Amino acid sequence: MAITREDVLKALEAVPVDAGGRVNLVASGRLSEVVVDGASRVMFSVFVEPSEAPAMEQVRQAAQNAVQRLPGVKGVFATLTAERPASAGAATPQAQAPRRSPPGTAPKGQQIPGVKHIIAVASGKGGVGKSTTACNLALGLKAIGLKVGLLDADIYGPSMPKLLGIHGKPKLLENRILEPMEAYGLKVMSIGFLVDEEAAMIWRGPMVMSAITQMLREVAWGDLDVLVVDMPPGTGDAQLTMAQATPLAGAIIVSTPQDLALIDARRGVSMFKRVEVPILGIVENMATFICPHCGQSSHIFGHGGARMEAERLGVPFLGEVPLTMSIRELSDAGRPVVAVDPDGPHAAIYKAMARQVADVLMGHSGVRPPPRIVIE
Ligand SMILES: Nc1ncnc2c1ncn2[C@@H]1O[C@H](COP(=O)(O)OP(=O)(O)OP(=O)(O)O)[C@@H](O)[C@H]1O
């Protein structure tokens, strides 16, 4: 029999949150929405004040075990979160009032040990090629000699497993730490490895944040020069909170040349400025269409708009990527162009972008050049 939300709430009513066992998790007002997906997997968060997190870990575990024991449950994803939305505790009438920091005042996320720089690749709207850019830019950074990780935080449409042709699940190491997957020399983590897309789509804001925080901090990234984060598209609350909670060294905005996309890109720039994250630059994607038959170029969506917008906003312009069949075909086949055609014209564009970004991050000196082989 399929598991229902009511079954889960009943099981959670048996989990106490205080030492005396007088208050249960459901009655405590600390429980988020409970989501049960079509594959009988259950997801929920437990709200805590940041200082309570170590003590409340026991409660999280007890809650997870209680739900896991229910017949028919195929998996449980229970997290602690310090982010309390306006609707928190919908399961209980006695929920406490939400506590949110006004934008720009929340503490910046803590650094991740071993990771030198974290950069976000973002877009004002979906479908502009943000993930394709993030993936090839990460490979470009690797090609210039850096140790690079890629975090797919696009929880509503994780695309890195497909773009990099990664199958399987990450290994769970000790203390609930996940081992990142590897592809083309990049360390990669994506929510797409852990849950199916449908489940992620129905997550509420705090669950999204909590999952992203886990992917950022509970993954054995090791020593990295740069961690590239593929952000969820848009400039809403979720993106703002993420930009605020992640210790970002800078952000890259991807746009297509259409006016509407550029208006959204401008919103992206101002969102990062609001949370004091420097803009490393704007990328114009799908700028020029190169005909696969005759090689002629046409500016289907206009041309040069992102460069002008970057100038207007006083932020760097990182380059333009043409709309080509080969980029799309290779991406769809899990063979990113920078990895499979490293000396081709498209890889050259992404590598030039990577160099500009690395120069800013490392102040022109920190980039290790690739080894030179001299034949005498
Ligand atoms: N320069 C390009 N030339 C041809 N196709 C491209 C190019 N850039 C991206 N694409 C294709 O456009 C589609 C959308 O790209 P991508 O998934 O990278 O966008 P996105 O902005 O991350 O989208 P979402 O908002 O859905 O996450 C994909 O099919 C991709 O292969």
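In this predicted model, 33 Å separate the centres of domain 1 and domain 2, taken over C-alpha atoms. The exercises below work from the domains inwards.

**Exercise 1. Find the bounds of the two domains and describe the chain as a whole.**

Step 1. The domain assignment places domain 1 at residues 5–81 and domain 2 at residues 115–362.

Step 2. For secondary structure, the chain has twelve helices and twelve strands.

Step 3. Of its 376 residues, 46% count as buried.

Step 4. Take the contacts between residues at least 6 apart in sequence: 76% of them join residues at least 24 apart.

**Exercise 2. State which residues touch the most other members of the largest nonpolar core, and which helix gives the most to it.**

Step 1. The core has 86 residues, and those touching the most other members are I119, V121, A138, L150, V228, V229 and A251.

Step 2. Helix α12, residues 345–362, gives the most to this core, with eight residues.

Step 3. Now take A138 from the list. Leaving aside neighbours within four places in sequence, A138 is in contact with V148, L150, L186 and V228.

Step 4. There is also a second, separate core of 22 residues, including A11, V34, F47 and V67.

**Exercise 3. Determine where V42 sits, whether V42 is buried or exposed, and which residues V42 touches.**

Step 1. V42 belongs to strand β2.

Step 2. Count C-beta neighbours inside 10 Å: V42 has 25. The cut-off for a buried residue is 20 or more, so V42 counts as buried.

Step 3. Not counting residues up to four places away in sequence, V42 touches I3, V8, V34, V36, V67, V73 and V76.

Step 4. For contrast, take H303. V42 and H303 are 261 residues apart in sequence, and their C-alpha atoms are 47 Å apart in space.

**Exercise 4. Work out how the buried residues of helix α1 are arranged and what they pack against.**

Step 1. Helix α1 covers residues 5–12, and its buried residues are V8, A11 and L12.

Step 2. Seen down the axis, these buried residues fall within an arc of 95°, so they line one face of α1.

Step 3. The buried residues of α1 pack against β1 (35–36), β2 (41–47) and α2 (53–68).

**Exercise 5. Compare the span of helix α8 with the expected value, then sort its buried and exposed residues.**

Step 1. Helix α8, residues 259–274, has 16 residues and reaches 23 Å from its first C-alpha to its last. This is close to the 22 Å expected at 1.5 Å a residue.

Step 2. The buried residues of α8 are A261, L262, D264, A265, G268, V269, M271 and F272.

Step 3. They cover an arc of only 165° around the axis, which puts them on the same side of α8.

Step 4. On the other side of α8, D259 and L260 are exposed.

**Exercise 6. Examine the positive phi values of E276 and Y184, and classify each residue as buried or exposed.**

Step 1. Most residues other than glycine have a negative phi.

Step 2. E276 is not a glycine, yet its phi is positive, about 60°. E276 lies in the loop between α8 and β10.

Step 3. With 11 C-beta neighbours inside 10 Å, E276 counts as exposed.

Step 4. Y184, also a residue other than glycine, has a positive phi near 50°. Its place is in the loop between β6 (181–183) and β7 (186–190).

Step 5. Y184 has 21 other C-beta atoms within 10 Å and is buried.

**Exercise 7. Show how G165 meets a part of the chain 168 residues away.**

Step 1. G165 is in the loop between α4 (160–163) and β6.

Step 2. With 14 other C-beta atoms within 10 Å, G165 is partly exposed.

Step 3. G165 and A333 are 168 residues apart along the chain, and their C-alpha atoms are separated by 7.0 Å.

Step 4. Not counting residues up to four places away in sequence, G165 touches A183, G334 and R335.

**Exercise 8. Identify the residues that come nearest to the ligand and the elements that supply its shell.**

Step 1. There are 21 residues around the ligand, of which G126, G129, S131, T132 and R328 come nearest.

Step 2. At least two residues of the shell come from each of α3 (130–143), β10 (279–290), β12 (317–323) and α10 (325–332).

Step 3. The largest share, four residues, comes from α10.

How values were computed. Residues numbered from 1 in each chain as written. Predicted model: local features only at pLDDT ≥ 70, side-chain atom pairs only at ≥ 80, totals over all residues. Core = buried A, V, L, I, M, F, W, Y, C linked by C-beta atoms within 7 Å. Buried ≥ 20, exposed ≤ 12 C-beta atoms within 10 Å, placed from the backbone. Contact = placed C-beta atoms within 7 Å. Expected span 1.5 Å × (residues − 1). Arc of directions from axis to C-beta. Domains from an automatic or database assignment. Near = placed C-beta within 6 Å.
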